[in-house]
Amino acid sequence: MRIEDGVELSRFTTLGTGGPARAFARPESEAEVEELLRWAEQQAVAVAVVGLGSNLLAADEGVDALVLKLGGELTTVEVDGDVLRVGAGAANAVVLHRARAAGLGGFEFACAIPGTVGGGIWMNGGAYGGDFAGVLERALVATAAGSGWLTPAELGLSYRHSELRRGQVVLRAELGLRPRPQAEIKAEVRELNARRKAAQPTNRRTFGSVFKNPEHELSAGRMLEACGLKGHRSGGAQISPKHANFIENADGATTADALALMAEARRRANEQFGVRLRHEVELLGELELPEL
Ligand SMILES: Cc1cc2nc3c(=O)[nH]c(=O)nc-3n(C[C@H](O)[C@H](O)[C@H](O)COP(=O)(O)OP(=O)(O)OC[C@H]3O[C@@H](n4cnc5c(N)ncnc54)[C@H](O)[C@@H]3O)c2cc1C
């Protein structure tokens, strides 16, 4: 299995930021992932996976870990009755396409989540009332000690959260769907995409929602808008003028620029609303936000 060094993670994140990984590999089978996990354990190197990097901020200085990008057999999608057996590296768009072709509904919520199944499970990604917890039957998860199937309860899926930890690699998943006419699926996807386009900066480089919605009458986006942050800039990053819970790569942004905006947003939300916003985006490498 080829292990590369110096691979820039900016190539693999939707924001387009992030420095080099200490080690990088593209396993194409379960056996290759297991081999890499054993290698990492022997070398005492941490392991992380990058899906489509659509919810990921990687440190500009680089990431001291073996970073895996799943390919080959780990991106396949098979239909078996009402169940989709998918590789964790499969893009949601591909899974949805296959589900629709098979006349299976239930995955429409993922139409505008530009990630992979593995990232969706890690984050319990969701939108418009649906999420991975609602369709996942079980997931095959590898660690250096071996692989095993876990149920959603064992994965601890809740709002944009799972109990998965670095060193655990989601290899495959089984999604339980239900028969639905293709035309209905198509119509719903069209409607959800239109709603998304109207509200969010879909034509900009972002990493999706920056913060989780707080327990408050205002969503994170509305709160940051009320703080006057739309269009606020730090270096090459800016808070989206369209939706304040998005950060755009406006012009050569770095991860440090995005973090600076996040720190300012948290400071203002705390000052103005007494709310401590929690970030939804995953941080990879030596990154942290200042204490409030
Ligand atoms: C325009 C836009 C809109 C978005 N809208 C939504 C939305 O509506 N709802 C929503 O929930 N999210 C949304 N997101 C965020 C993002 O798309 C989701 O969180 C998505 O599920 C991340 O998947 P990914 O494959 O890109 O994961 P990445 O961003 O690559 O990784 C996210 C985390 O998952 C881990 N991971 C990825 N794959 C694996 C694996 N196989 N095994 C173990 N760990 C893994 C990574 O290490 C990281 O910790 C949006 C993002 C963008 C850019």
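The legends below describe close-up views of a predicted model.

**View 1. Residues around the ligand.**
The ligand is surrounded by 33 residues. The closest are V49, G51, S54, T116 and G126. By type, the shell around the ligand holds 15 nonpolar, 14 polar and 4 charged residues.

**View 2. Polar atoms beside the ligand oxygens.**
A polar backbone atom of V49 is 2.6 Å from an oxygen atom of the ligand. For T116, a polar side-chain atom lies 2.6 Å from an oxygen atom of the ligand. R160 also takes part through its side chain, where an N or O atom is 3.4 Å from an oxygen atom of the ligand. The ligand taken alone exposes 970 Å², and the protein buries 95% of that area. Which elements give two or more residues to the shell around the ligand? They are α3 (residues 117–123), β9 (126–127) and β13 (169–176). Helix or strand, the element that gives the most is α3, with 5 residues.

**View 3. Two residues with positive phi, N124 and R160.**
N124 is found in the loop that runs between α3 and β9. The phi angle of N124 is near 45°, a positive value in a residue that is not glycine. Is N124 buried or exposed? Its relative accessible area is 1%, so N124 is buried. R160 is found in another stretch, the loop between α5 (152–155) and β13. R160 is not a glycine either, yet its phi is positive, at about 50°. With 16% relative accessibility, R160 counts as buried because the cut-off for buried is under 20%. The side chain of R160 is the one described in View 2, with an N or O atom 3.4 Å from a ligand oxygen.

**View 4. The nonpolar cores.**
The largest nonpolar core has 51 residues. Within this core, the residues that touch the most other members are V33, L66, L84, V95, F107, I121 and L175. For V33, leaving aside neighbours within four places in sequence, the contacts are P27, L68, L70, L74, A142, V169 and L171. There is also a second, separate core of 28 residues, and L15, C227, A253 and L287 are among its members.

**View 5. R222 in helix α7.**
R222 is placed in helix α7, which covers residues 220–226. Why does R222 count as exposed? R222 has 52% relative accessibility, and a residue counts as exposed because it is over 50%. The side chains of R222 and E225 make a polar contact at 2.9 Å. R222 and N245 are 23 residues apart in sequence, and their C-alpha atoms are 8.0 Å apart in space.

**View 6. N249 in strand β17.**
N249 lies in β17, a strand of residues 247–249. N249 has 17% relative accessibility and so counts as buried. A polar atom of the N249 side chain lies 3.3 Å from the backbone nitrogen of G252. The backbone nitrogen of A253 is 2.9 Å from a polar atom of the N249 side chain. A253 is also one of the residues in the second core shown in View 4. Apart from neighbours within four places in sequence, N249 is in contact with L15, G16, T17, R205 and G236. Of these contacts, L15 is included in the second core too.

How values were computed:
Residues numbered from 1 in each chain as written. Predicted model: local features only at pLDDT ≥ 70, side-chain atom pairs only at ≥ 80, totals over all residues. Heavy atoms only, no water. Near = heavy atom within 4 Å. Polar contact = N/O pair within 3.5 Å; in protein donor to acceptor, adjacent residues only side chain to side chain. Areas by Shrake-Rupley, 256 points an atom, 1.4 Å probe, with all protein chains shown as cover. Helix = DSSP H or I, 4+ residues; strand = E, 2+ residues; numbered from the N terminus. Nonpolar A, V, L, I, M, F, W, Y, C, P; charged D, E, K, R; others polar. Core = buried A, V, L, I, M, F, W, Y, C linked by side-chain atoms within 4.5 Å. Buried < 20%, exposed > 50% of the residue type's maximum accessible area, 1.4 Å probe, protein only. Contact = heavy atoms within 4.5 Å.
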